[in-house]
Amino acid sequence: MKQVIVILSLVLMLVACEPTVKQGMLDTPVRLKVGQSLDVDGMLITVEKISEDSRCPQGAQCIWAGKVSVALHVQTQDSAFDMVLMLGLNDAGATQLVGVDSLTLKEVSPAPVLDQKISQSDYSVILLVRKA
């Protein structure tokens with residue numbers, strides 16, 4: 001009986017975990033946490049970390065809105081490389097070309113709050129892959 005309970009507990013834990021690699025489709029935004037990957041159109045895109053978050057915290061008065069940068073690792077059939085996508089300023093760094101596709105950072109959450117630190121595991125991003 002103990003073995004059945006242990007096995008059921010393990011199965012429930014596995015079902016409750018978010019997948020490390022999510023399957024995606026072109027033109028469909030996907031939310032990923034730091035450490036998760038997106039498999040779409042022959043690319044494997046991994047969210048490595050939030051490398052900078054200087055966005056103005058809620059509850060603060062700032063002279064500029066700030067920016068947030070996301071470090072990604074991209075693997076295609078032909079190559080593997082790192083890139084950074086950025087939101088803020090004029091959002092010019094939010095989209096990069098990867099072969100025949102464009103990869104766009106649509107959102108980073110949560111938004112900063114005054115006097116509260118956000119851990120890497122709490123961040124999530126929304127990515128969009130389209131044909132360029």
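How much area does the protein expose, and what share of it do carbon and sulfur atoms supply? In this predicted model, the exposed area comes to about 8,300 Å², with 58% of that supplied by carbon and sulfur atoms. Looking inward instead, 33% of the 132 residues count as buried.

As for the overall layout, the protein has one helix and nine strands. Reading from the N terminus, the helix comes at the start and the strands follow, in the order α-β-β-β-β-β-β-β-β-β. Contacts across the sequence can be put in numbers too: taking those between residues at least 6 apart in sequence, 42% join residues that are at least 24 apart.

Part of the strand content goes into an open sheet of four strands, which runs E2-E9-E8-E7 with antiparallel pairing. At its edges sit strand E2 (30–33) and strand E7 (95–98), each of which pairs on one side only. Ignoring direction, neighbouring strands of this sheet are turned by 30° against each other on average. On the E2 side, the partner is strand E9 (residues 124–131), and the two pair in the antiparallel sense over four bridges. One of the residue pairs here is Lys 33 with its bridge partner in E9, Ser 124.

Then there is the E5 and E6 pair. These two strands form a hairpin, with four residues between them, and their pairing is antiparallel over nine bridges. Within the hairpin, Val 74 stands opposite Phe 81 of E6.

The loop of this hairpin is where Thr 76 comes in: the residue is placed between strand E5 (67–75) and strand E6 (80–88). Is Thr 76 buried, exposed or partly exposed? Its relative accessibility is 23%, so Thr 76 counts as partly exposed; the cut-off for buried is under 20%. Close to home in the sequence, a polar atom of the Thr 76 side chain lies 3.3 Å from the backbone nitrogen of Asp 78.

Which residues does Thr 76 touch once its neighbours within four places in sequence are set aside? The contacts are with Gly 42, Met 43 and Val 98. Val 98 falls within E7, given as residues 95–98, an edge strand of the open sheet. Asp 41 gives another reference point in that part of the sequence: Thr 76 and Asp 41 are 35 residues apart along the chain, while their C-alpha atoms are 9.2 Å apart in space.

Note on methods:
Residues numbered from 1 in each chain as written. Predicted model: local features only at pLDDT ≥ 70, side-chain atom pairs only at ≥ 80, totals over all residues. Heavy atoms only, no water. Buried < 20%, exposed > 50% of the residue type's maximum accessible area, 1.4 Å probe, protein only. Contact = heavy atoms within 4.5 Å. Polar contact = N/O pair within 3.5 Å; in protein donor to acceptor, adjacent residues only side chain to side chain. Areas by Shrake-Rupley, 256 points an atom, 1.4 Å probe, with all protein chains shown as cover. Pairing = 2+ DSSP bridges. Axes fitted to C-alpha atoms, helices over the stretch in contact; angles between N-to-C directions.
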